[in-house]
Amino acid sequence: MHDKIINYLNQVQAEHNIEILLACETGSRAWGFPSPDSDFDVRFIYRHPKDWYLSLNEQKDTIECMYENNEFDLSGWDLKKSLNLLWKSNASLLERLQSPIVYMVNPEFLKGMQSLTGNAYSKIATMHHYLNMTKRIFEEINSAEEVKLKKLFYALRTSIACKWILEKTSPPPIVFQTMLEDLSLSNILKNKIYQLIELKLTKNESYLHHQETELNSFISDNIMLAESKANSLPSAKGDIKELNSFFIKMLPH
């Protein structure tokens, strides 16, 4: 699959006259709990030739491509758009910069983006992202007798990310198991979650699972705690000049 994804990425580069600076996996494969039929969510950041950035017209700064009945979902953001999202502490971008599954990378770009993350990271912005996601998904699954296991994991992951934001100084890790191991969670709770991860590895995404009362209570508690503290969290300490300098540095010569 790796070689197939590389071929698709090369095809995107040729068709759109771009250079990919980072291409990585996101979604359940990068989070650490894929199903056997999980698709490939490939996300990339790219740059155009320098003259593209000199146009007076606003130009499209995203690329989306689907291949093989949507099994391969490729979606990209332009360099300038990505830096603006970093300035806003966009949680999806922060995750991509940590992905454990990398298909293409410009080392200078990735190192620079990761070094800018510390000052650009806003606890309050990132908290509201994960909290809103948790509330939306939890409302959907909490009242059902059976739920898709993938939906339960979405709610677990985002609610634990909220807990991470309250307890840690760095952005939430993209790998779910890293959060489980680095946060103070009971062994009973962790063992239950690890059992469900093993189950999910064997079940297709359509699999329906019975309600897990303990986990629902845990998610609900995380929501309440996050709601009580979200608006008092600090914002970013970044300087837009740093991002501008890096943008100019990364433009093609």
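**Exercise 1. Place S82: is it buried or exposed, and what does it touch?**

Start with accessibility: S82 has a relative accessible area of 0%, so it is buried (buried means under 20% relative accessible area, exposed over 50% and partly exposed in between, with a 1.4 Å probe and protein chains only). Before going on, a quick word on what you're looking at: this is a predicted model, where local features need pLDDT of at least 70 and side-chain atom pairs count only at pLDDT 80 or more, while totals for chains, interfaces and linings use all residues. Residues are numbered from 1 along each chain as its sequence is written, and side-chain values use heavy atoms, leaving out hydrogens and water.

Next, find the element: S82 sits in helix α3, residues 79-87 (helices are DSSP runs of H or I with at least four residues, strands are E runs of at least two, and both are numbered from the N terminus). Finally, list the partners. Skipping residues up to four places away in sequence, S82 touches I45, W77, L93 and M113 (contact means heavy atoms within 4.5 Å).

**Exercise 2. Find which residues touch the most other members of the largest nonpolar core, then look around them.**

First, the core itself: it has 61 residues, and F176 and I193 touch the most other members (a nonpolar core is a set of buried Ala, Val, Leu, Ile, Met, Phe, Trp, Tyr and Cys residues joined through side-chain atoms within 4.5 Å). Helix α7, residues 149-167, gives the most to this core, with ten residues.

Now take F176. It lies in helix α8, residues 176-182, and counts as buried because its relative accessibility is 0%. Beyond four places in sequence, F176 is in contact with W31, F33, F153, L156, R157, I160, I193 and I197.

Then take I193. With neighbours within four places set aside, I193 contacts F153, L156, I160, F176, L180 and L215. There's also a second, separate core of 19 residues, including I5, Y8, I63 and C65.

**Exercise 3. Work out how α7 packs against α10 and against α9.**

Here's the recipe: two packed helices are described by the angle between their axes and the distance between the axes.

Step one, α10 (residues 213-229): α7 packs against α10 at an angle of about 40 degrees, with the axes 9 Å apart (axes are lines fitted to C-alpha atoms, for helices over the stretch in contact, and angles run from 0 to 180 degrees between N-to-C directions). That makes α7 oblique to α10 (under 35 degrees is roughly parallel, over 145 roughly antiparallel, 65 to 115 roughly perpendicular, and the rest oblique). Among the residues making this contact are L152 and A155 of α7 and L215 and N216 of α10. The contact residues divide into eleven nonpolar, three polar and two charged (Ala, Val, Leu, Ile, Met, Phe, Trp, Tyr, Cys and Pro count as nonpolar, Asp, Glu, Lys and Arg as charged, and the others, Gly among them, as polar).

Step two, α9 (residues 187-200): α7 and α9 pack at about 140 degrees, with their axes 11 Å apart. So α7 is oblique to α9. On the α7 side you'll find L149, K150, L152, F153, L156 and I160, meeting I193, L196, I197, L199 and K200 of α9. That contact has nine nonpolar, no polar and two charged residues.

**Exercise 4. Locate S235 and name what it touches.**

S235 is in the loop between α10 and α11 (240-250). Leaving out residues up to four places away in sequence, S235 touches Y121, S122 and I124.
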